[in-house]
Amino acid sequence: MDKKQSRMRRAVATRRKIAELRVHRLSVHRTNTHIYASIISPEGDRVLVSASTVETEVRKELAVGSNVAAASLVGKRVAEKAKAAGIETVAFDRSGFRYHGRVKALAEAAREAGLKF
């Protein structure tokens, strides 16, 4: 079992529970160079809101897209976009990544910006 398969195995239980609850899902994906956050509909068929360090507005503000400051900015942006779209509460899907470092910074920034989960 390789690293990606192990991470996906860890993510299955969380995603199953979120699907059962039928709520919006804040999904996070982390790579060595960037971090991505998407809010997915309860049906799981479409992305309603997304933010990442690849966006030009974010890249102008940051020198590096793979640190805690970048993750905090992405968390704040995704929360602002969600509020504008009328989404108040979500379930946090860390996608099998540890709740530590950049993933934790993104979640805390989204909470501080007014998103509830």
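The buried residues of helix α1 pack against two strands, β1 (25-30) and β4 (91-93). I begin with that packing, and I should say at once that the model under discussion is a predicted one.

Which residues of α1 are buried? They are Ser6, Arg7, Ala11 and Ile18. The helix itself covers residues 3-21, which makes 19 residues. From its first C-alpha to its last, α1 reaches 28 Å, close to the 27 Å expected at 1.5 Å a residue. The helix nevertheless contains a kink of about 30°, and that kink is centred on Val12. After α1 comes Arg22, a residue whose phi is positive, near 60°.

I turn now to the aromatic residues. The model contains two aromatic pairs. One of them joins Phe92 and Tyr99 in an edge-to-face arrangement, with 6.1 Å from centre to centre and 85° between the planes. In the other, the ring centres of Phe92 and Phe117 are 5.4 Å apart and the planes lie at 15°, so this pair is stacked; the cut-off for stacking is an angle under 30 degrees. Through these ring pairs, Phe92, Tyr99 and Phe117 are linked into a cluster.

Where do the two partners of the stacked pair lie? Phe92 belongs to strand β4, while Phe117 is in the segment after α4 (102-112). The pair therefore ties together parts that are 25 residues apart in sequence. I would recall here that β4 is one of the strands against which the buried residues of α1 pack.

Are the members of this cluster buried or partly exposed? Phe92 has a relative accessibility of 16% and counts as buried, because the limit for that class is under 20%. Tyr99, with a relative accessible area of 36%, is partly exposed. Phe117 is also classed as partly exposed, at 30% relative accessibility.

My last topic is a pair of helices. Two packed helices are described by the angle between their axes and the distance between those axes. For helix α3 (residues 68-84) and α4, the angle is about 35° and the axes are 7 Å apart. The crossing of α3 and α4 is right-handed.

Which residues meet at this contact? On the α3 side they are Val68, Ala71, Ser72, Val74, Gly75, Lys76 and Ala79. On the α4 side, their counterparts are Arg102, Ala105, Leu106, Ala109 and Ala110. To return to the aromatic cluster, the segment after α4 is the one that holds Phe117, the residue stacked with Phe92.

Terms used: Residues numbered from 1 in each chain as written. Predicted model: local features only at pLDDT ≥ 70, side-chain atom pairs only at ≥ 80, totals over all residues. Heavy atoms only, no water. Helix = DSSP H or I, 4+ residues; strand = E, 2+ residues; numbered from the N terminus. Expected span 1.5 Å × (residues − 1). Bend = angle between axes of the 7 residues up to and from the residue. Buried < 20%, exposed > 50% of the residue type's maximum accessible area, 1.4 Å probe, protein only. Contact = heavy atoms within 4.5 Å. Phe/Tyr/Trp six-rings, centres within 6.5 Å; stacked < 30°, edge-to-face > 60°. Axes fitted to C-alpha atoms, helices over the stretch in contact; angles between N-to-C directions. Left-handed = near helix turned anticlockwise from the far one by under 90°.
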